[in-house]
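The following exercises are to be worked with the sequence and the structure at hand. Each task is followed by a solution in steps.

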Amino acid sequence: MTKPNERKLTIARAMAEATAQEMRLDPGVFVMGEDIAALGGVYGNTRGLLDEFGPERIRDTPISETAFIGAAVGAAQDGMRPVVELMFVDFFGVCFDAIYNLMAKNIYFSGGNLKVPMVLMTSTGGGYSDGGQHSQCLYGTFAHLPGMKVVAPSNAYDAKGLMTAALRDDSPVVYMYHKGLQGMGWLGTEPGATVHVPEESYTVEIGKAKVVREGRDVTIVSLGLGVHNALKAAKTLEGKGVSAEVVDLVSLVPLDRETIRASVAKTGRLIVVDEDYQSYGVSGEIIACVTEHDISVLKAAPKRVAFPDVPIPYARVMEQYCLPNPDKIVAAWDEMGAMQPA
Amino acid sequence: MAPTRDEQHWMYRNMVTSRRFENAIAKIYFEGKTPAFNMANGPIPGEMHLSDGQEPVAVGVCAHLNPEDVVTATHRPHHQAIAKGVDLDKMAAEIFGKASGLSGGRGGHMHLFDTDVNFACSGIIAQGMGPAVGAALSRKMQGKPGVAVAFVGEGAVNQGGWHEAMNLAAVWNLPFVCVIEDNAWGISVAKSAATAVATNDVRAAAYGIPGTRVEGNDPFAIYDAAGTAIARARNGDGPSLIEVETYRLAGHFMGDAEGYRPEGEKDGLFAKDPIPAMRARLLKEGTASEEELAAIESAAEARVDAAITFARDSADPAPEDALTAVFAA
């Protein structure tokens, strides 16, 4: 349902619009990556930019992630504001040295004398049987290593504002967009991600989580596609008389621990939904940030709905078995309720 | 092309400064590490990679560079840092892990960053290639003067990232020069056992760019080859590759027993030490008098002494400052 003056955009279009607006303002902003020029990005997030800005600033690269991400670090240190695309986050294996040993450490190694203003945008997520090298999220892998800001939008409004904020940041920002939210015609898209986006430029603060649904009985914390699963579960829970609050992390680094703690202090219960692998990752960090702060607020042991610790399988039934979904979140509540009824 | 008289004096001064600096570091490095060697002890802890013998590469190339030009160097960076004009006091203090160091003690000897002269080095093989190529791209896109030079060792050419960056520099025709310091050893593995071609200049053919090999660790020949490559980059004619034969007179790191070296190899290298060789040449060709050379040497000594004193006298960083400067201010 479109309201008057509403301007619904996909995340892909919102990212491209933010990039174009910053490119008009700042000649130092340019984009490098594989298939980001004529093709407009495999996930559409640079579509239209080549026509407006030309091949100098919208630069297709060889399939050489180590070289062009390393080059982005050098260009960023030299006064430019590069945006680079790592087409699938899974490809980090061929270029992580450039990312975490250079991009993430050079500000520190220089004692703060250098700025490294660059954005590394990368696609995450599965659910469409693309196999175990094209379906991971790896949120925890990136968020674990110091020196990179890490954001993950769940909708087009945040996507645009986060991109603008990332492009204006003097530190490296890893911008992780979920393929299932991107709005590509050839891949199913969560409709809730396509929302009203103001035409004018604006920023969404990096490091601030959002309470996207208010509730009293349980806090469901998630990011990216997981936020939509959480909202669907919250609706089901509402039918059972349970009032669920949903927190969209928006940013993993910095992590808005205050908003998470305040919500759990109110509801007393916590479910974390994460499409990344369960162990040593985001879900554990969220639970720890609550329990190490004040365990007395909890009325039940926290639960997590995350990807089991296995490579991502290809077969549809196997992958879907592993992925988080609204039913699993509701089941997590049921288990929690059984432990200690509301 | 040949260096002018002033350039020759500059080259000799920087070679001597570098060697005196390494000698000072080597001596201090063992403070607190005898009788039992423990890398964690003493005023200079951690690994230490000295550049003795490789000075001609640094001065032959950097003689053509200005502060605005960008250099990335390796884990063995002191000679290049000195030739690029990195602040010697702050560099020494960084190596001592002091608050007055280039990065307040956060980096150490493998992570020297001096933004005033666009110098950086890093600790992993071939790692400086991407950032140097990116700096070259930045200058080209901005229409700003300056070229980028990546110094790497001969072992680096077997890293995938080296080839990726060479290709990127060539396909985008960037003002970039890669200088390979061929000291014949990747820690303990000989070049002949690690690299499929005898000389790496031939690899330039893979990128359609000029490749040159300089034999004999000769600062004049290096100056000549680097001058051609850097002029080509400045003129917008694209990247070049230079491999220089040089000598690693020290071990890979301090404490390296070097049991892998063939008998007598080191003696042969010391006989070819480039610093006395350059000194003799300057005298022979009348480019410098004995008095001038003595003055250069004592000035270099004094400069190094002052830097070491500055480093020793500087305060340790506040431990809690470790938690700062992760992100840009």
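**Exercise 1. Explain why strand β5 (residues 119-124) of chain A is largely enclosed by the rest of the structure.**

Step 1. Apply the criterion of burial: buried means under 20% relative accessible area, exposed over 50%, and partly exposed in between (1.4 Å probe, protein chains only). Strands (E, at least two residues) and helices (H or I, at least four) are DSSP runs, numbered from the N terminus.

Step 2. Six of the six residues of β5(A) are buried, so the strand is largely enclosed. Val119(A), Met121(A) and Ser123(A) point one way, while Leu120(A), Thr122(A) and Thr124(A) point the other way.

Step 3. Note the basis of these values: this is a predicted model, in which local features need pLDDT of at least 70 and side-chain atom pairs count only at pLDDT 80 or more, while totals for chains, interfaces and linings use all residues. Residues are numbered from 1 along each chain as its sequence is written, chains are lettered from A and ligands numbered from 1 in the order in which they are written, and side-chain values use heavy atoms, with hydrogens and water left out.

**Exercise 2. Determine which strands are joined to β5(A) by bridges, and place β5(A) in its sheet.**

Step 1. Two strands pair if DSSP finds at least two bridges between them. Strand β4 (residues 81-88) of chain A runs parallel to β5(A) and is joined to it by five bridges. Within this pair, Val83(A) stands opposite Val119(A), and Phe88(A) stands opposite Ser123(A).

Step 2. Strand β7 (residues 173-178) of chain A is also parallel to β5(A), with six bridges between them. Here Thr124(A) faces His178(A) as its opposite residue.

Step 3. The open sheet has seven strands in the order β3-β2-β4-β5-β7-β6-β12 (chain A), and its pairing is mixed. At the edges stand β3 (58-60) and β12 (251-253) of chain A; each has a single partner strand, so one side of each lacks a neighbour in the sheet. Neighbouring strands are turned by 20° against each other on average, direction ignored.

Step 4. Helix α1 (residues 11-25) of chain A lies across β2 (29-33), β3, β5 and β7 of chain A, at about 135° to β2(A). Axes are lines fitted to C-alpha atoms, for helices over the stretch in contact, and angles run from 0 to 180 degrees between N-to-C directions. Contact means heavy atoms within 4.5 Å.

**Exercise 3. Describe the sheet of chain B and the helices that pack on it.**

Step 1. The strand order of this open sheet of seven strands is β2-β3-β1-β4-β5-β9-β8 (chain B), with mixed pairing. Its edge strands, β2 (113-114) and β8 (211-214) of chain B, each pair on one side only.

Step 2. Strands β4 (residues 148-153) and β5 (residues 176-182) of chain B run parallel and are joined by six bridges. In this pair Ala150(B) stands opposite Cys178(B).

Step 3. Helix α2 (residues 55-62) of chain B lies across β4, β5 and β9 (240-245) of chain B, running at about 170° to β4(B). Helix α6 (residues 160-171) of chain B also touches β4, β5 and β9 of chain B, and its direction makes about 150° with that of β5(B).

**Exercise 4. Why do Cys137(A) and Cys121(B) form no disulfide?**

Step 1. A disulfide is a pair of cysteine sulfur atoms within 2.5 Å. The structure holds zero disulfides over all chains.

Step 2. For Cys137(A), the closest cysteine sulfur is that of Cys322(A), at 13 Å, which is too far for a bond. For Cys121(B), the closest is in Cys62(B), also 13 Å away and too far for a bond.

Step 3. Cys137(A) is buried, with a relative accessible area of 2%; Cys121(B) is buried too, at 2%.

**Exercise 5. Characterise the interface between chain A and chain B.**

Step 1. In the interface, 38 residues of chain A contact 35 residues of chain B.

Step 2. The chains bury about 3000 Å² between them, 67% of it on carbon and sulfur atoms. Buried area is the accessible area (1.4 Å probe) that two parts lose on being put together, summed over both.

Step 3. Asp78(A), Tyr108(A) and Phe109(A) supply 24% of the area that chain A buries against chain B, more than any other three residues.

Step 4. There is one salt bridge between the chains, a salt bridge being a side-chain nitrogen of Lys or Arg within 4 Å of a carboxyl oxygen of Asp or Glu. Arg139(B) forms a salt bridge with Asp78(A), with the closest N and O atoms 2.7 Å apart.
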